[in-house]
Amino acid sequence: MPFKTIIEPFRIKAVEPIRFTTREQREAALAAADYNLFKLRAEDVIIDLLTDSGTGAMSAAQWAGMMQGDESYAGARSFFKFEAAVRDITGLRHIIPTHQGRAAERILFSSACTAGQVVPNNTHFDTTRANLEAIGVRAVDLRCAEATQPSLIAPFKGNIDLAALERCLAENAGRVPFAMITVTNNSGGGQPVSLANIRAASALCRQHRVPLILDCCRFAENAWFIKRREPGQAHRTPADIAREMFGYADGCTMSAKKDGLVNIGGFLALNDDALAAKCRNNLILTEGFPTYGGLAGYDLEALAVGLREVLDEHYLEYRIRSVEYLGEKLTAAGVPIVQPTGGHAIYIDARAMLPHIPQGEFPAWALSCALYLEGGVRSVEIGSVMFGRQPDGTEKPAAMELVRLAFPRRVYTQSHVDYLIEVILSVNSLKSRIRGVHLVEAPPLLRHFTARLAPVGGTLLA
Ligand code: F0G
């Protein structure tokens with residue numbers, strides 16, 4: 001096309017009204033939620049960027065597909081459609097549906113791991129880490145050197161550190177049940193992993209006879225970045241690139257709530273026959289029969305369609321460009337963000353933005369509260385509230401203090417993004433008034449979901 005404006009590659013057929021709130025209402029809502037945005041009522045949020053997980057809009061084709069759902073307990077037609085769609089992309093032999101990503105993780109980990117083992121990953125997502133630690137496995141993050149410098153521009157900051165992986169495999173010989181790579185690297189800024197890095201990691205794993213598992217929630221976004229950024233890949237389709245990515249792996253865990261374009265669903269896929277049989281038996285215990293795995297037949301139909309739609313180049317171009325557009329505006333205004341912009345989200349570097357708040361007073365958490373208070377925008381802290389508590393109960397500051405603004409798929413338009421820019425710039429202009437927060441009460445595991453917090457000195461904005 002001769003025009004340069006990238007438009008939303010869809011028309012809107014059904015709409016959901018947004019409820020507007022005043023600053024006073026939000027102030028009360030924030031206090032009632034113990035300064036924890038997870039505890040807000042979604043109705044009290046104007047733009048909800050808490051997560052891109054399960055929050056997307058389905059297409060007319062997906063809704064139509066749902067009417068074809070076969071709800072048979074065993075051997076449903078919908079399962080075979082789903083299985084064919086997953087196999088077409090991954091090429092993996094055994095495809096096991098689960099109700100979401102962490103169920104796939106729990107089933108794989110409880111089937112393949114024992115206490116005292118070690119699992120390396122570029123960066124474990126919080127549920128992945130928690131599921132490993134819950135069975136006594138040490139989850140090790142081996143992010144590449146570029147990944148720890150938020151402002152550094154590099155094409156594949158999601159890469160795993162290959163030298164560190166090799167050391168980890170050698171030092172823990174016999175104690176690594178599998179290695180993982182998360183695409184894109186969510187906790188590290190939504191940054192992609194290159195084909196070359198996956199290929200090299202796969203070769204190292206094979207040398208050490210350790211299977212490689214992809215945590216592939218955002219595989220299509222990763223494939224798009226490879227197409228755009230990796231030399232020699234520009235001519236390929238995202239589907240073709242995705243097939244090559246999966247070709248280096250022995251299995252994957254998937255939260256289909258992201259790049260499956262569905263509101264609920266996930267899967268585990270494996271080549272190993274014996275391990276797959278063990279996982280299926282575990283699946284029956286808690287998720288359901290292996291042809292539905294905790295999902296309805298209609299969920300499997302929606303997923304089969306979503307997995308094809310997500311690889312559409314117009315969709316991927318629009319999605320990645322909207323995030324990049326927001327990133328450009330914030331950068332131009334001097335708001336520090338993780339560079340370059342990733343696939344599903346913008347990550348504000350709260351330590352750089354709020355240097356007056358010590359890390360022990362959770363600057364990223366405080367910033368996410370301020371964004372809600374000022375503009376009704378809900379984001380999520382990826383910092384020391386989420387990651388600071390160690391398995392032995394001690395505190396260790398997280399590597400970065402980030403506020404993630406994650407974009408639901410096909411939900412918000414350009415004017416929502418422009419509103420967001422205004423809100424963030426307004427908060428940036430009063431940043432010196434933002435105060436830190438402290439924990440009032442917190443559970444030992446995954447504390448960010450339910451913890452109670454309060455502003456240091458009693459007020460969030462001095
Ligand atoms: N792995 C990664 C990389 C994820 O981002 C998530 C979920 C999961 C696994 C778990 O999947 O939620 O379906 O059980 N991430 C969401 C987020 C929750 O907001 O980033 P799930």
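## Two domains and the area between them

Buried area is the accessible area, taken with a 1.4 Å probe, that two parts lose on being put together, summed over both. In this predicted model, domain 1 and domain 2 bury about 2,800 Å² between them. Carbon and sulfur atoms give 60% of that area. Three residues of domain 1 stand out here: L316, P340 and M400. They supply 19% of the area that domain 1 buries against domain 2, more than any other three residues.

Where do the two domains run along the chain? Domain 1 is made of two stretches, 23–52 and 312–458. Domain 2 covers 60–309. The centres of the two domains, taken over C-alpha atoms, are 26 Å apart. On the domain 1 side, 31 residues take part in the contact. Domain 2 brings 36 residues to it.

## Polar links across the interface

How many salt bridges are there between domain 1 and domain 2? The count is seven. Polar contacts are also found across this interface, in 18 residue pairs.

Which elements of domain 1 touch domain 2 with at least two residues each? They are α12 (313–332), β9 (345–349), α15 (384–387) and β12 (402–406). Helix α12 gives the largest share, with six residues. By residue type, the side of domain 1 that touches domain 2 has 16 nonpolar, six polar and nine charged residues.

One salt bridge to look up in the model pairs R319 with E221. Their side chains meet at 2.6 Å, N to O.

## Around the ligand

The ligand has 17 residues around it. The closest are T51, R102, S255, K258 and R404.

Three of these names come with a distance to a ligand oxygen. For R102, an N or O atom of the side chain is 2.6 Å from an oxygen atom of the ligand. For S255, a polar side-chain atom lies 2.6 Å from a ligand oxygen. For R404, the distance from a side-chain N or O atom to an oxygen of the ligand is 2.7 Å.

## A salt bridge between distant parts of the chain

The salt bridge count comes to 29. One pair is R452 and D34, whose side chains meet at 3.7 Å, N to O. What parts of the chain does this pair link? R452 sits in strand β14 (residues 452–455). D34 sits in the loop between α1 (23–32) and β1 (47–48). The two residues are 418 residues apart, so the pair links distant parts of the chain.

D34 has a second feature. Its phi is positive, about 55°, although D34 is not a glycine.

## Backbone details in the loops

F362 also has a positive phi, near 50°, and is a residue other than glycine. Its place is the loop between α13 (350–353) and α14 (363–375).

Which residues are joined by a cis peptide bond, with omega about -20°? They are V183 and T184. T184 belongs to the loop between β5 (179–182) and α7 (195–207). Another cis peptide bond joins Q339 and P340, with omega about -15°. P340 lies in the loop between α12 and β9. This proline has already been named above: P340 is one of the three residues that supply 19% of the area domain 1 buries against domain 2.

Notes: Residues are numbered from 1 along each chain as its sequence is written. This is a predicted model: local features need pLDDT of at least 70, side-chain atom pairs count only at pLDDT 80 or more; totals for chains, interfaces and linings use all residues. Side-chain values use heavy atoms; hydrogens and water are left out. Domain bounds come from an automatic or database domain assignment. Contact means heavy atoms within 4.5 Å. A salt bridge is a side-chain nitrogen of Lys or Arg within 4 Å of a carboxyl oxygen of Asp or Glu. A polar contact is a pair of N or O atoms within 3.5 Å; within protein, one must be able to donate a hydrogen and the other to accept it, and residues adjacent in sequence count only if both atoms are side-chain atoms. Helices (H or I, at least four residues) and strands (E, at least two) are DSSP runs, numbered from the N terminus. Ala, Val, Leu, Ile, Met, Phe, Trp, Tyr, Cys and Pro count as nonpolar, Asp, Glu, Lys and Arg as charged, and the others, Gly among them, as polar. A residue is near a molecule or strand if one of its heavy atoms lies within 4 Å of it.
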